[in-house]
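Reader: Hi! Could you walk me through this structure, starting with a helix and then moving on to any holes inside?
Author: Happy to, let's take a look together.

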Amino acid sequence: MEETLVVVKRGNHIESVHTGSIAVVDWRGNLLYGVGDVERMTFTRSSLKPIQAIPLVQSGAADRFLLNDKEIAICCGSHNGEEQHTQVVRSMLFRIGLQEENLQCGVHPPYSQERYLELVRKQIEPGQIHNNCSGKHTGMLALAMHLESDIDSYHQPEHPVQRKVLDALLELAEMKEDQVLTGIDGCGVPNFAIPLTKLAQVFAKLAHPGDIQPPSLKQSIQRITQAMMQYPEMVSGSQEFCTEVMKITKGRVIAKGGAEGVYSLGLLEKGIGIAIKVADGNWRSAYPAAVEVLRQLEELSPAEAAALLDFHVPVVRNRRGERVGSVEPVFCLKEGKAFASSVCS
């Protein structure tokens, strides 16, 4: 059963409540801590992107097209559509000999308000390259070309590119295909629902690929996590949560969010994965919950906690810019399968 994760206060009074579930799992799949329904089937949404990049690297396509770590990172990213992002995607498309028109991700305005207003001033219509998933889709196009498969249908569930993505997820989650639910993501490619504990285990393995076989899979995971850590601004954007978490924790935490209140983290030094699902899908409670989990696991120094405070307890302001409330996490992680004791007790 879902539990209250985050409350929204106006003054000192609770105005809204966000329920959800959290699983904290080690790389062997042991449930260390949890809140709510840790086995709830959860669509991974964009938390899947580091896994979607695995076939690109493991197949040799990334090396064939000379993709550098910044380009690998944007394949794992939900970017803001800033100039720094579109430049990287255009460079990748040029190198694989394709164009923006070959992308199948659809169009939305750049998440970056500054970039969006710049496009408006210049009377430029947003294109597919501004889609937050354009890096991932460019990586998929590179893989489709490497596999000598059809590039127009790379987004379809039965295309070899998407089958390889599913295989990578099943391997890391230690699941069979008939245990996974399939849907179509906002950018048109398949997305998968797995138990929240399994999503946490997948991120634990991204953080600690220790004995994963074959060696090419382990090496691919290590390259992907290294790329995300080295270029966190490619994973989301300037001053965005994913970027700031990875920068502030200096290589100890890998972080990737998804739509509908999904957030996943991996603790590299400990081989621990964390998966969060906000029941109503509201993103404003996912970041406070993510920072609170790190705080309760004692993963943040006082300086790191202070640097993440604006994400941990965001201020609610009125139209005059005055502080009128706050968004606050209120849950306590409970230990083990029986949830017999609480981290907060």
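Author: Helix α9 covers residues 196-207, which makes twelve residues. From its first C-alpha to its last, α9 reaches 17 Å, close to the 16 Å expected at 1.5 Å a residue. Keep in mind that this is a predicted model.

Reader: Okay! And how many of the residues in α9 are buried?
Author: Eleven of the twelve, so α9 is mostly covered. Among the buried ones are L196, L199, V202, F203 and L206. T197, Q201 and K205 are buried in α9 too.

Reader: Cool. Now the holes: how many cavities does a search of the whole structure find?
Author: It finds two cavities of 30 Å³ or more. The largest has a volume of about 60 Å³, and the second largest has about 30 Å³.

Reader: Which residues line the largest cavity?
Author: Its lining is made up of Q52, A53, L56, C75, K136, G139, M140, L143 and V161. By class, that lining has six nonpolar, two polar and one charged residues.

Reader: Which helix gives the most to that lining?
Author: Helix α7, residues 134-146, with four residues.

Reader: And what about the second largest cavity, which residues line that?
Author: There you'll find R252, L267, L268, E269, K270 and E299. Four residues of this lining are charged and two are nonpolar, with no polar ones.

How values were computed: Residues numbered from 1 in each chain as written. Predicted model: local features only at pLDDT ≥ 70, side-chain atom pairs only at ≥ 80, totals over all residues. Heavy atoms only, no water. 1 Å grid on protein atoms, 1.4 Å probe; cavity = no way out; pocket = protein on both sides within 12 Å on 5 of 7 lines; lining within 4 Å. Points joined across faces, edges and corners; volume = space filled by probe spheres on them. Helix = DSSP H or I, 4+ residues; strand = E, 2+ residues; numbered from the N terminus. Nonpolar A, V, L, I, M, F, W, Y, C, P; charged D, E, K, R; others polar. Expected span 1.5 Å × (residues − 1). Buried < 20%, exposed > 50% of the residue type's maximum accessible area, 1.4 Å probe, protein only.
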